[in-house]
Structure formats: structure tokens, C-alpha cells
Amino acid sequence: MSADVTTLQTDGLDGRYRLLVDAITDYAIYMLDPEGHVSSWNSGANRFKGYTEAEILGEHFSRFYTPEDREAGIPQRALSTAENEGRFEAEGWRVRKDGERFWAHVVIDAIRDPGGKLIGFAKITRDLSERKIAKEVLRRSEEQFRLLVQGVTDYAIYMLTPEGEVSSWNPGAQRIKGYEPSEIIGQHFSRFYTEEDRAAELPQKALEIAAKEGRFEKEGWRVRKDGTRFWASVIIDAIHGEDGSLIGFAKVTRDTTERRQAQEALERAQQELFQAQKMEAVGQLTGGIAHDFNNLLTAVLGSLEIAKKRALSGRPNADLIENAIQGAKRGAALTQRLLAFSRKQDLKLERVDLPELVKEMASLIERTIGPDIEIATTFPLMMPPVMSDPNQLESALLNLVVNARDAMPHGGRISIEARRRVVGSGQVEELPAGDYMVLSVTDEGAGMDNETLEKATTPFFTTKGIGKGTGLGLPMIQGLMAQSGGALVLKSRQGEGTRAELWLPIADPDEKQNPASDVVADVPPLVERSLTVLAVDDDALVRMNTALMLEDLGHVAIEAQSGKEALRMLDEGGLTDIVITDQAMPEMTGVELIKQLALRYPHIPVILATGYAELPNGVGAGLQRLAKPFMQEQLNEALALCLGLSKP
């Protein structure tokens with residue numbers, strides 16, 4: 001490039017700069033040489049930087065920066081960025097000639113000749129101090145307005161210093177706490193706390209939590225100016241500046257005394273209602289169950305009374321004794337249904353053939369429902385067995401059939417059906433995904449509305465007349481299904497009848513079934529040798545009955561009426577092969593006795609005889625259980641299993 005061309009280009013650049021200087025006075029627009037020295041100066045630069053052209057030309061532009069920025073090398077980095085990237089832009093503090101600082105917006109552009117050689121920089125600076133101050137004032141004003149919410153009287157909203165002193169006070173705070181602004185500003189907020197809370201340093205802990213976590217929220221007693229206490233809901237928020245430093249706390253307090261009193265009154269009313277409902281439920285339960293047990297006891301006592309007379313006269317009485325046994329079994333089944341309802345009965349789950357079960361119940365069902373009701377059954381030709389307690393399932397099915405009969409006082413048809421269903425998770429409420437058989441009982445009655453359907457499984461709820469139902473049938477069935485891994489599903493619409501479905505899990509085809517036995521008499525001992533068995537039970541009749549069964553099996557029975565007596569007998573040298581203990585006994589439960597035996601006589605096996613499935617945590621694994629009430633056959637099997645012998 002020739003010298004003449006270079007001169008012309010320089011003159012053109014100077015002319016353009018003169019136009020900028022003449023037109024703009026609100027911006028400092030000037031040139032820097034490649035090393036950063038000022039090579040031109042306009043009137044805008046003179047106005048807000050304070051230097052005349054004669055004072056500044058040839059000086060390095062870093063003098064406009066703060067000492068901290070110069071030490072950090074920011075001026076050099078700015079030029080380096082502009083040179084490498086073509087432009088540098090930033091905001092920051094700058095220094096006037098008189099040492100005053102101002103907030104500036106800075107743009108530095110690299111200037112190159114046509115050959116790409118760097119010949120300097122164009123620097124434009126704008127003073128934003130007024131805008132920054134206005135912005136800061138506006139931010140603080142908005143923050144103050146947002147936190148204090150002037151005009152709110154239902155909440156005490158005020159600010160605290162980082163040390164906890166009150167720095168502002170709103171009308172709500174004055175109304176709730178009773179202090180005038182002149183009385184409380186500058187005072188520590190801990191004066192609002194009770195003496196007990198101050199002694200426990202709760203005010204200081206509240207600020208520490210708010211500072212650390214950003215917020216503190218709690219309810220508690222607070223104290224007004226006149227000394228009265230009120231229940232308060234308190235929120236403390238930490239307030240931080242732009243640099244992250246803690247500048248104070250925003251505190252919001254609401255008087256919730258009336259709400260707390262109303263809640264306490266509601267809870268008292270609910271508790272009183274619950275007690276009343278519980279007493280009513282006990283009355284309903286007592287009436288219904290007493291009626292059923294009276295019928296059973298009539299059969300048992302009547303049969304035994306006549307059997308006693310026959311025995312004294314030498315006449316046969318086996319039929320009467322069998323009748324008494326059947327009555328007692330029905331009483332046991334009724335008790336088990338109650339325990340199943342409360343989910344405390346230890347069910348005996350086994351493979352059940354549904355068509356066979358319904359077939360065996362046919363005559364009982366027919367006698368129960370009477371001649372005005374038609375029974376129709378529909379089962380697939382091939383269907384797998386299910387897992388359930390057969391005795392409980394029979395009771396559940398009979399209960400559903402009776403409900404269906406009662407829904408059709410003028411006669412009708414009851415359909416008993418079974419079908420296979422595979423469901424996914426969540427398709428049926430409270431039922432896990434799996435393969436099920438659905439045993440259903442459908443009637444042609446009036447059906448139920450939505451409200452009645454929702455209450456149908458509520459304990460003691462019944463639509464039948466007084467003395468005709470306890471309201472426990474469906475809840476008991478629901479408990480049975482839950483324990484069996486299935487579900488009870490009710491479907492009904494007014495005018496279209498009701499369908500009750502028992503969802504039963506299909507049995508594992510690989511699981512072996514132990515054949516059931518109905519033999520009552522002549523139970524052969526499963527243990528070949530004679531055992532010495534310590535029977536522990538606080539009920540003398542149960543204890544005596546257990547001892548008689550053991551002796552009839554050829555064993556020696558020793559009786560103890562408590563866990564402590566049993567331990568004393570063993571400590572005195574009593575020789576025992578097995579201990580059979582009840583669970584619910586005074587002073588020492590069966591589980592507590594078992595724990596003592598494990599520590600002192602770990603070689604003695606133990607059988608726990610109880611009708612409850614629920615035992616304390618950590619108890620039950622590996623423990624031999626005998627469900628009450630039990631027959632001699634079950635006792636015989638428990639002895640064999642306890643000694644590690646298998647049933648023949």
C-alpha cells in the first residue's frame with residue numbers, strides 16, 4: 001500500500017471521528033493505539049471523565065479503571081478480547097479525574113487496516129450511574145413492598161435485622177401483638193416468645209434455621225404486650241443482598257387461636273361420636289352374635305344333656321355326641337369368621353376345587369334358601385383349583401347366598417358362576433396382578449344405590465331389619481379375601497340386582513396337597529414313643545381338655561396354669577419332652593414364655609396354641625403353631641411336626 005493511499009485513509013477516519021464528536025455528547029468516544037494509549041478525545045469523554053484533551057492524549061486508558069481492576073489485569077484482557085474477537089463489551093465501575101466512581105457501559109472495537117493489521121481500538125463509554133441508582137432504588141422499593149404488604153391487618157409482617165432486632169412494623173403486627181412502632185422498632189423479637197421458649201433459646205434457633213435453610217416455619221404460643229398468650233403460625237424468611245450476604249429476615253405471624261380452638265372442639269366432638277358409634281356397634285354385635293351362639297349352645301347343651309341320661313341308663317348316645325360336636329364346630333367357625341373379619345385368624349390356605357365345594361354345599365344351600373328360590377350354577381368344564389381356607393370359603397359363599405335370598409323376598413333366581421380372569425396391576429382395587437378364578441353370586445333383587453353400595457362392606461352396616469342381620473357378613477368376607485390374597489368386588493344398580501364376586505388366586509400346580517381327614521375318633525398316634533408334655537394355659541377347662549387328648553394319644557400330660565408356674569416346674573427338675581402353651585395369659589404371655597425357654601431350656605421344643613395370627617414383631621418364624629380351637633388330630637400332627645416327624 002502506497003503512502004498516499006494510507007494518508008487518504010487516515011484523513012477519512014479522522015473526518016468520521018470529527019462527525020461523531022460533533023453529534024454525540026452523552027457518550028465518551030475516543031481512539032486507542034494498539035498499546036492502549038489514548039489517541040483521540042471527544043467532548044462527551046471530557047464531560048463525564050473530567051479530563052481535557054491535552055491532559056489525556058498519550059496516557060494509558062487503564063487510568064480509568066479502579067485499582068482492583070488494574071491489579072486484576074482487566075484493562076489488558078479487554079484489549080486482548082477486542083483484538084482476538086473483534087469486540088469487548090462489559091459493565092463495571094470506572095474512575096473520573098476527581099477520583100469519583102461511576103457505573104459505566106463499555107464497548108471496545110478493534111480497528112484494522114484493509115490488510116488486516118491492527119491499528120488501534122475505538123472505545124465507547126456510557127455513564128449508567130443514574131440508571132443503576134434508580135434501578136437499585138426501585139428494586140429495594142419493590143422488595144420492601146412485596147415483603148411488608150402494607151395495609152394487611154390480619155398478619156403481622158415486619159422485618160428483622162440479621163441480629164433479630166425489629167426494623168419495620170406493619171398495622172397487622174400492631175393489632176395482633178399490641179405494640180406501637182415507636183415502642184418496638186429496635187427491640188429484639190424474642191420478647192414475643194414465652195419465658196419457657198426464651199429459656200430454650202427458640203428465638204435464636206429460629207433465626208439460625210432461617211439463615212441456614214432459607215426459611216423457618218412453626219406454630220406455638222406467643223405473648224402480646226399485655227401478657228396474654230395466643231397461638232401463632234410463624235414464618236421467617238432469610239433476605240439476602242445481591243452479593244449473597246444476609247441483610248435481615250422477613251417475619252410473618254398469624255393469630256390462629258380461634259382456628260386451634262375450633263380444631264380442638266371438632267376433635268373432641270369426633271372422639272365423642274366415635275365412642276358413641278363404638279358403643280352402638282358393640283350393641284349390634286352383641287345382639288347378633290349372641291343370637292347365633294344361643295342357637296348353637298342350645299344344640300350342644302341339649303344333646304349333651306340327653307347323652308348324659310342315656311349314658312347313665314346304658315343306652316347308646318353316639319349320635320347325640322356327634323350332634324354336640326357339630327354344634328361346637330359351627331361355633332368355632334363363627335368365631336373364626338369374626339377373627340377373619342379382624343384379620344387375626346390364622347387361615348389354613350389349601351387347594352380348593354370350586355365345583356366340588358359348591359356341589360357338597362348344594363343340599364345345605366337348598367335347605368337354607370327355601371323352595372321359592374331357584375339356584376343355577378355355571379362352571380367351565382376345566383378349571384384349576386384355587387388357594388383358600390375351605391371352611392371359611394363355604395361360610396362366605398353361604399353368606400352371599402343368604403344375602404341374595406333376602407334381596408328377593410318374593411322369590412327369584414340365584415346364579416352361582418365361576419370364570420377365569422387374568423388382571424394387571426391396578427385393574428381391580430387392592431388386587432395385585434395375577435391369575436384368578438372369580439366365584440360370583442348374582443341375584444334378581446332390587447339392587448343398591450351408590451350410597452348403599454359404598455357402605456355395604458362397612459362393619460355393622462345392614463339394610464335388614466332388627467334381629468335379621470349383624471352387618472358383619474360382608475366385612476368378614478372382605479377380611480377372608482384379603483388374607484387369602486384375593487378380593488371381594490360388589491356390583492349393583494337399582495332395579496338390576498346385585499353381583500358379589502370372590503376373586504381367588506389360582507393354586508400353584510406344582511404345590512402338593514395334603515389330603516384332609518374327617519376322622520374324629522380313633523386318631524392313631526404319629527409319635528411312636530410316649531412323650532411327657534407340659535400343657536400351659538390359664539383356662540382350666542382348655543388345659544384339662546388338652547391333657548385328656550394327650551393322655552388318649554398315650555402321652556403323659558403335666559399341667560401349668562401360667563408361664564411362671566411352668567418355668568418353676570422346669571427349674572425344680574421336671575422332665576419334659578415338649579411344651580404346649582397358650583398365648584394370651586396374665587403376667588407372662590406365651591411368646592414371653594417361649595423366649596425364656598429358648599434362653600434356659602433351648603433343647604425343649606415348643607408349640608404355641610392360639611387362634612390369633614398376629615404376634616409381636618420378630619416372633620413366628622420357625623415356631624410351631626396350633627390353631628385354636630383344635631381337635632385331637634390337629635394336636636397329634638403338631639406333636640409330630642414339632643419333633644421333626646412327617647405325617648404318614
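1. Strand 6 and strand 7 (residues 229-240) run antiparallel and are joined by nine bridges. One residue pair across them is Glu219 with its bridge partner Ser233 in strand 7. The model is predicted, and the points below should be read with that in mind.

2. The two strands belong to an open sheet of four strands, ordered 5-8-7-6, with antiparallel pairing. Strand 5 (155-160) and strand 6 (215-223) are the edges; each has a single partner strand, so one side of each has no neighbour in the sheet. On average, neighbouring strands are turned by 25° against each other, direction ignored.

3. Helix 10 (residues 202-213) packs on this sheet. The helix touches strand 5, strand 6, strand 7 and strand 8 (246-255), and its direction makes about 165° with that of strand 6.

4. Turning to the aromatic residues, the structure holds 14 aromatic pairs. One of them is Phe61 with Tyr65: the ring centres are 5.6 Å apart and the planes stand at 90°, which is over the 60 degrees required, so the pair counts as edge-to-face. Phe61 and Tyr65 are both buried.

5. A single aromatic cluster is formed by Tyr30, Trp41, Tyr51 and Phe64. Phe64 also has a charged residue over its face: Lys49, at 4.2 Å from the ring centre.

6. Another charge over a ring involves strand 7, residues 229-240. There, the ring of Trp231 has the charged end of Arg260 over it, 3.9 Å from the ring centre.

Note on methods. Residues are numbered from 1 along each chain as its sequence is written. This is a predicted model: local features need pLDDT of at least 70, side-chain atom pairs count only at pLDDT 80 or more; totals for chains, interfaces and linings use all residues. Side-chain values use heavy atoms; hydrogens and water are left out. Two strands pair if DSSP finds at least two bridges between them. Axes are lines fitted to C-alpha atoms, for helices over the stretch in contact, and angles run from 0 to 180 degrees between N-to-C directions. Contact means heavy atoms within 4.5 Å. Rings of Phe, Tyr and Trp (its six-membered ring) pair if their centres lie within 6.5 Å; planes under 30 degrees apart count as stacked, over 60 as edge-to-face and the rest as tilted. Buried means under 20% relative accessible area, exposed over 50%, partly exposed in between (1.4 Å probe, protein chains only). A charge sits over a ring if NZ of Lys or CZ of Arg is within 6 Å of the ring centre and within 35 degrees of the ring normal.
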